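Reader: I would like to learn how to read strands, burial and cysteines in a model. Please start with strands.

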Amino acid sequence: VSTGWQLALRSRNIYGPYEERVILEQGSTEINGPHQGGLVETQTGEWWFIHFQDREAYGRITHLQPAGWENDWPRMGIDLDGNGIGEPVLEHNKPETGNISPGIMTPVESDEFNDGKLGLQWQWHANSNVVWSAELPGSGHLRLFAINRNADDPNLWNVPYLLLQKFPAPDFTATTKVEWNVEFDAWQQKKAGLIVMGDDYGYVSIGQDELGNFLEQVFCTGAKHGTAEQVNAKVRIKSESAFLRVRISGPDAVCQFSYSEDGKDFKLLGQPFQAKPDTWIGAKVGLFCLSKDTSKRGSYADFDWFRITSQ
């Protein structure tokens, strides 16, 4: 996956024999593993190849290469070293569509939770269930319910009700405003928060015990192997609401959590950690709300918004 190339096989007969040729490789570029994509002819007769690049915690980044045909072999990218094999390009003219390009555009990341439904950027950690969340039109928030964890789960690796999305860029900040509403046994490990999920994961959560409201910063290393979580920092806050933030930066996807009680003055919480890819996918960032397996049903978190910024 991370060190591969694109191979073409051709034959005049579907049963063979087949000829083979490498037609796209990393070469001198920074685009590793360019393969496993699709060859497309547009309505204007142009040929393009869509493929991915494995970027570890940042997932599989999609690339678009100019393509064509030479002597009945597909041609992809640009042959920079003259060895007859194309190499990926980072910049190129866009496909000719007959329309004026709107310029640089990115998929949607932020969500104000005002539309009564989740945006397409969100993915549940497993098959969804209607009882996990509610987003009523006009409410202006997303409500996640504190769902009980299975007694056999030592961490969040198998928890399905994590609401996540892919990392949108190599450097970004995710911030959310959450209000915690506790019902019944408040001190029995009910919590909600902002999480970076992968083989290792970390989060900052809001909770309540017999002494009042608090925030915790938690790591889990090697989650899929059944390791336990580790609390790195804990602070008391005055109310049931807080602003939670994580800054993710650099090629190693280093994550640093912070919090604010007024939305202006953010304070670092816990230690930085390096995000790790999940199985066959990159790390993800998102929201959660959960409860210990022995707790009574009840309690929920209202997330006012979730915003991705470059700073």
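Author: Two strands count as a pair if DSSP finds at least two bridges between them. In this predicted model, strand β13 (residues 191-197) pairs with β21 in the antiparallel sense over seven bridges. Within that pairing, G193 stands opposite F288.

Reader: Which way does strand β11 run relative to β21, parallel or antiparallel?

Author: Strand β11 (residues 162-166) and β21 run antiparallel, joined by five bridges. There, L164 has G286 of β21 as its bridge partner. Strand β10 (residues 147-148) runs parallel to β21, with two bridges; I147 is partnered with L290.

Reader: How many residues of strand β21 are buried?

Author: Buried means under 20% relative accessible area. Eight of the eight residues of β21 (residues 284-291) are buried, so the strand is largely enclosed by the rest of the structure. K284, G286, F288 and L290 point one way, while V285, L287, C289 and S291 point the other way.

Reader: Why is C289 not bonded to C220?

Author: A disulfide needs two cysteine sulfur atoms within 2.5 Å. The closest cysteine sulfur to that of C289 is in C220, 19 Å away, which is too far for a bond. C289 is also buried, at 2% relative accessible area. The structure holds zero disulfides. C255 is in none either, its nearest cysteine sulfur being that of C220, 14 Å away. C255 counts as buried, because its relative accessibility is 0%.

Reader: Is L9 buried or exposed?

Author: L9, in strand β1 (residues 6-10), is exposed, with a relative accessible area of 53%. Together with W5, L7, I14, Y15 and Y18, L9 makes a nonpolar surface patch of about 770 Å².

Definitions and conventions
Residues are numbered from 1 along each chain as its sequence is written. This is a predicted model: local features need pLDDT of at least 70, side-chain atom pairs count only at pLDDT 80 or more; totals for chains, interfaces and linings use all residues. Side-chain values use heavy atoms; hydrogens and water are left out. Buried means under 20% relative accessible area, exposed over 50%, partly exposed in between (1.4 Å probe, protein chains only). Patches are made of residues with over 30% relative accessible area and no salt bridge: like charges are joined within 9 Å, nonpolar side chains (Val, Leu, Ile, Met, Phe, Trp, Tyr) within 5 Å. Accessible areas come from the Shrake-Rupley method with a 1.4 Å probe; for residues, only the protein chains shown count as cover. A salt bridge is a side-chain nitrogen of Lys or Arg within 4 Å of a carboxyl oxygen of Asp or Glu. Helices (H or I, at least four residues) and strands (E, at least two) are DSSP runs, numbered from the N terminus.
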